[in-house]
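Please walk me through this structure. I would like to know how its helices pack and where its charged side chains pair up.

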Amino acid sequence: MQVKELMEGSVVSVTPDETAAEAARLLARHNVGSLPVCGEDGGLRGVVTDRDIVLRCVAIEEDPAKTQVQKIMTRNCATISPQADAREAAQLMAAKQVRRLPVVEADKVVGMVSLGDLSQCRSCDMEAALALSEISEADHQAE
């Protein structure tokens with residue numbers, strides 16, 4: 001099964017100049033854990049997560065209403081093509097220790113795929129479970 005069959009195609013994103021507070025409101029409103037950070041051209045600049053906001057802004061006592069997303073986002077994040085196999089996405093998530101991947105085509109973000117999306121694919125059950133196991137193990141080691 002291809003990533004495009006599993007991904008969420010309606011993508012909510014932020015620009016690098018938006019604030020951490022604005023990003024947090026979007027995360028809450030759309031009940032997601034990460035947002036792609038896109039330039040005016042729609043090209044991916046990075047990803048900002050709820051964890052980024054907490055650890056790179058709130059925990060160091062920066063003002064979320066004044067801190068731009070570009071200061072706290074993760075740059076050079078892993079991406080995947082909509083034509084890629086779902087098992088490849090699960091393997092990439094495990095290797096990069098991430099739960100979500102931006103789906104990029106022609107330098108534009110066209111979707112997001114998560115471990116939850118992959119868990120719906122019977123042909124990649126094992127890869128999704130392995131990815132979750134490896135990510136969870138890394139999370140526990142970081143604590």
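Helices α1 and α2 run roughly antiparallel to each other. The angle between them is about 150 degrees, and angles over 145 degrees count as roughly antiparallel. Keep in mind that this is a predicted model. Helix α1 covers residues 20-30, and helix α2 covers residues 50-58. Their axes lie 10 Å apart. The crossing of α1 and α2 is left-handed.

Which residues make the contact between α1 and α2? From α1 come Ala20, Ala23, Ala24 and Leu27. From α2 come Asp50, Ile53 and Cys57. Sorted by type, the contact of α1 with α2 has six nonpolar residues, one charged residue and no polar ones. Asp50 is the charged one, because Asp counts as charged while Ala, Leu, Ile and Cys count as nonpolar.

Now turn to the charged pairs. The structure holds four salt bridges. Three of them can be taken in turn, starting in α2.

Arg56 and Asp52 join their side chains in a salt bridge, with an N to O distance of 3.5 Å. That falls within the 4 Å cut-off, so the pair qualifies. Both residues sit in helix α2. They are four residues apart, which means that about one helical turn separates them. Are the two partners buried or exposed? Asp52 is buried, at a relative accessible area of 7%. Arg56 is partly exposed, at 37%. The cut-off explains the two labels: buried means under 20%, and partly exposed lies between that and 50%.

Next comes the pair Asp41 and Arg45. Their closest N and O atoms are 3.1 Å apart, and they form a salt bridge. Asp41 has a relative accessible area of 44%, so this residue counts as partly exposed. Arg45 is also partly exposed, with 38% relative accessibility.

What is the distance between the closest N and O atoms of Arg87 and Asp85? The value is 3.2 Å, and this pair too forms a salt bridge. Arg87 counts as partly exposed at 32% relative accessibility. Asp85 has a relative accessible area of 25% and is partly exposed as well.

To look at the two themes together, go back to α2. This helix offers Asp50, Ile53 and Cys57 to the contact with α1. Helix α2 also holds Arg56 and Asp52, the pair that meets in a salt bridge.

Terms used. Residues are numbered from 1 along each chain as its sequence is written. This is a predicted model: local features need pLDDT of at least 70, side-chain atom pairs count only at pLDDT 80 or more; totals for chains, interfaces and linings use all residues. Side-chain values use heavy atoms; hydrogens and water are left out. Buried means under 20% relative accessible area, exposed over 50%, partly exposed in between (1.4 Å probe, protein chains only). Axes are lines fitted to C-alpha atoms, for helices over the stretch in contact, and angles run from 0 to 180 degrees between N-to-C directions. Angles under 35 degrees count as roughly parallel, over 145 as roughly antiparallel, 65 to 115 as roughly perpendicular and the rest as oblique. A crossing is left-handed if the near helix is turned anticlockwise from the far one by less than a right angle, and right-handed if clockwise. Contact means heavy atoms within 4.5 Å.
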